[in-house]
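Visitor: I would like a close look at a single part of this protein, the sheet and the strand pairing inside it. Please start there and then work outwards to what surrounds it.

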Amino acid sequence: MRIAFVSGNRELLPDAVIPLGLLYVMAATPARHEKVLWDLCFEPDPQATLAQRLAAFQPDVVALGMRNIQNNDYSDTSTNIRYYTQLVATIRQHSQAKVVLGGGGFSVMPEKLLLHLGADFGIAGEGEAAFVLLLDALEAGGATSEIGSLYTRQAGALQSKVVVNAPVLGWQDLDQLAVPDRSAVDPRHYGTYHIDSVQTKRGCALHCDYCTYPVIEGRTVRQRSPKLVVDEMCLSLEKRPEIKHFFIVDSVFNLPPRHAKAVCRELIARNWQVPWTAYANPLAFDRELADLMVAAGCAGIEIGADSGVDAVLTRMKKGFLRKDIEQMHQVCAAAGLRDCHTYILGTPGETLDDVAESLDFCRNLGPFAAILMIWLDDTESLDPELAAERTVFREQVGQRVLQKADEFPRWIIPPLGVNFDPRLFDFLRALGMAGPLWQHLDRLSGQPRQRTRRARPPATS
Ligand code: B12
């Protein structure tokens with residue numbers, strides 16, 4: 001069959017990212033199929049480009065990757081959902097292909113999105129196994145009822161419905177997966193952003209109550225062999241010397257710590273020199289790991305602190321408290337590891353005083369940098385009642401954050417445009433800097449503060 005893998009993601013902030021998930025699915029798809037990758041990230045007119053390519057290639061199947069539905073400042077999902085709806089309409093208009101949806105954005109609400117977008121199938125979570133089984137079934141005209149996590153839209157005269165297959169529980173050995181073929185990646189990713197992405201494991205065993213990561217990756221942690229991870233990084237770098245930074249995309253790099261340490265030791269043994277960044281968590285983060293990370297080239301870690309209020313952390317089921325965030329900051333400072341704390345303000349049940357307390361906590365702690373987000377429920381754009389209920393409070397949170405925005409120089413506040421502006425990113429790249437913006441904030445002293453003040457935080461629609 002002729003299969004077009006389409007990456008719809010066009011988000012350029014904080015950096016453009018290669019479509020790693022779609023590349024994994026593409027690599028798993030047997031070579032007997034004719035496969036192409038169309039990345040719409042940098043196309044000036046994505047609908048027209050897609051239409052043109054569809055007309056020329058006439059695929060049997062379009063695998064449409066939806067990485068994000070939220071935008072970069074977590075203020076809106078409706079714009080992306082409208083854009084993907086239009087992409088599906090373009091596919092329908094210019095081909096007879098079956099449309100299969102997947103990706104992190106799709107997986108956070110698969111049933112709603114499949115109905116809303118009007119595609120044929122969707123696969124929630126890891127796509128490799130299910131997508132290949134679906135192709136086999138489509139080719140042979142066979143049944144799809146046994147394909148785990150497959151969502152099938154059945155069009156009705158008045159209303160469509162979705163048939164949902166339960167996930168198939170099983171162990172996916174990540175070392176057996178085909179390694180993503182980066183030669184298919186649009187060279188503008190590496191030429192302009194200089195960042196590559198790599199995954200060392202999948203699955204997150206934590207129980208943070210708002211988090212969608214387990215829906216995407218499952219709760220069972222499965223690790224790749226450190227040797228294979230570093231082989232992949234070395235090969236990528238050898239072929240693309242323009243790469244200046246790697247992002248380890250694991251939900252939490254330091255859990256389990258033994259695996260994180262093994263990856264660091266492998267990097268050290270191979271004399272790895274390119275800086276990298278990863279997500280980390282205060283649980284089980286010790287000095288030995290911090291030292292190993294520094295020695296292995298880690299340029300900084302992003303810590304999901306989420307709140308500076310113990311009651312809120314407890315309600316979110318984070319499994320750690322303020323004292324653990326403080327301790328982690330001390331460990332990082334002692335090891336010389338730059339730490340960027342991310343906070344999600346205004347989560348359900350939080351008060352405006354809680355928001356202020358989190359900001360005070362962060363300012364007093366003084367991490368290298370911190371990113372402040374305002375909570376937005378993914379489902380709001382498809383649920384007007386929920387949106388109406390949440391929007392007023394979100395605006396109040398935005399005002400509270402705005403009042404304090406000047407209290408800490410290295411706060412990045414995307415929904416308010418504080419230290420988060422495309423011009424700032426372009427400026428840093430022009431100076432030859434790569435990797436997350438927050439790692440360069442100290443070099444900006446003396447530069448005008450990049451701020452686009454908005455009258456109030458944007459609403460959902
Ligand atoms: C690492 C990460 C980042 C890093 C990326 C660094 C880099 N260089 O890659 C940074 C910090 C930059 C980042 C930024 C953003 N991110 Co982010 N990120 C992640 C994270 C933790 C991992 C993504 C990843 O690469 N996974 C590894 C790959 C292999 O997995 P995957 O993409 O999920 O693909 C698998 C399946 O989804 C499926 N699949 C994928 N595509 C397809 C297509 C088809 C057809 C099929 C069938 C299956 C399929 O199969 C794949 C292999 O098993 C996820 C959360 C998570 N745990 O998944 C969030 C996540 C993807 N991010 C998210 C968001 C919103 C963003 C931002 C828009 C906002 C922000 N400020 O954070 C920006 C956008 C950046 C951009 N340019 O797109 C959301 C997206 C969902 C949503 N609600 O919209 C997620 C899910 C987190 C969340 N909040 O729930 N992110």
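Guide: In this predicted model, strand E14, residues 339–345, is joined to strand E15 by six bridges, and the two strands run parallel. One of the pairings can be followed residue by residue, since Leu345 has Ile374 as its bridge partner in E15. Strand E15 itself spans residues 369–374 and is mostly covered, with six of its six residues buried. In a regular strand, side chains alternate between the two faces of the sheet. In E15, Ala369, Ile371 and Met373 point one way while Ala370, Leu372 and Ile374 point the other way, and all of them are buried.

The pair belongs to a wider arrangement, an open sheet of seven strands in the order E8-E11-E12-E13-E14-E15-E16, with parallel pairing. The edges of this sheet are E8 and strand E16 (411–412), each of which pairs on one side only. Strands of a sheet pair through backbone hydrogen bonds, in either a parallel or an antiparallel sense. Elsewhere in the order, E11 and E12 pair in the parallel sense over three bridges, and there Phe246 has Trp276 in E12 as its bridge partner.

Several loops that lead into or out of these strands deserve attention when you inspect the backbone. Just before edge strand E8 (195–198), His194 occupies the loop that follows helix H7 (187–193). His194 has a positive phi of about 60 degrees although it is not a glycine, and its relative accessibility of 15% makes it count as buried, because the cut-off for that word is under 20%. A positive phi also appears at Asn271, where the value is near 60 degrees in a residue other than glycine. Asn271 lies in the loop between H10 and strand E12 (276–280), and with a relative accessible area of 55% it is exposed.

Strand E11 (245–248) has a loop on either side to consider. On the side leading in, Pro241 lies in the loop between helix H9 (226–239) and E11, and at 64% relative accessibility Pro241 counts as exposed. Pro241 is also separated from Leu134 by 107 residues in sequence and by 37 Å in space, taken from C-alpha to C-alpha. On the side leading out, Pro256 sits in the loop between strand E11 and helix H10 (257–269), and a cis peptide bond joins Leu255 and Pro256, with omega about -5 degrees. Another cis peptide bond runs from Leu13 to Pro14, with omega near 0 degrees; Pro14 is placed in the loop between strand E1 (2–7) and helix H1 (20–28).

From the sheet and its loops, the view can move to the second largest pocket, which has a volume of about 710 Å³. This pocket is lined by 27 residues, and Glu126, Ser149, Pro167, Val168 and Gly170 lie nearest its centre. The elements that give two or more residues to the lining of the second largest pocket are helix H6 (128–140) and helix H8 (213–217), and H8 gives the most, with four residues. By residue class, the lining of the second largest pocket divides into 14 nonpolar, nine polar and four charged residues. Both domain 1 (2–164) and domain 2 (179–444) give residues to that lining, so the second largest pocket lies between the two domains.

The cysteines are a last point to check if you are thinking about covalent links. The count of disulfides comes to zero, where a disulfide needs a pair of cysteine sulfur atoms within 2.5 Å. Cys208 is in no disulfide, the nearest cysteine sulfur being that of Cys211, 5.8 Å away; Cys208 counts as buried, at 12% relative accessibility. For Cys362, the closest cysteine sulfur belongs to Cys340 and is 8.8 Å away, which is too far for a bond. Cys362 is buried as well, with a relative accessible area of 1%.

Technical notes: Residues numbered from 1 in each chain as written. Predicted model: local features only at pLDDT ≥ 70, side-chain atom pairs only at ≥ 80, totals over all residues. Heavy atoms only, no water. Buried < 20%, exposed > 50% of the residue type's maximum accessible area, 1.4 Å probe, protein only. 1 Å grid on protein atoms, 1.4 Å probe; cavity = no way out; pocket = protein on both sides within 12 Å on 5 of 7 lines; lining within 4 Å. Points joined across faces, edges and corners; volume = space filled by probe spheres on them. Nonpolar A, V, L, I, M, F, W, Y, C, P; charged D, E, K, R; others polar. Domains from an automatic or database assignment. Pairing = 2+ DSSP bridges.
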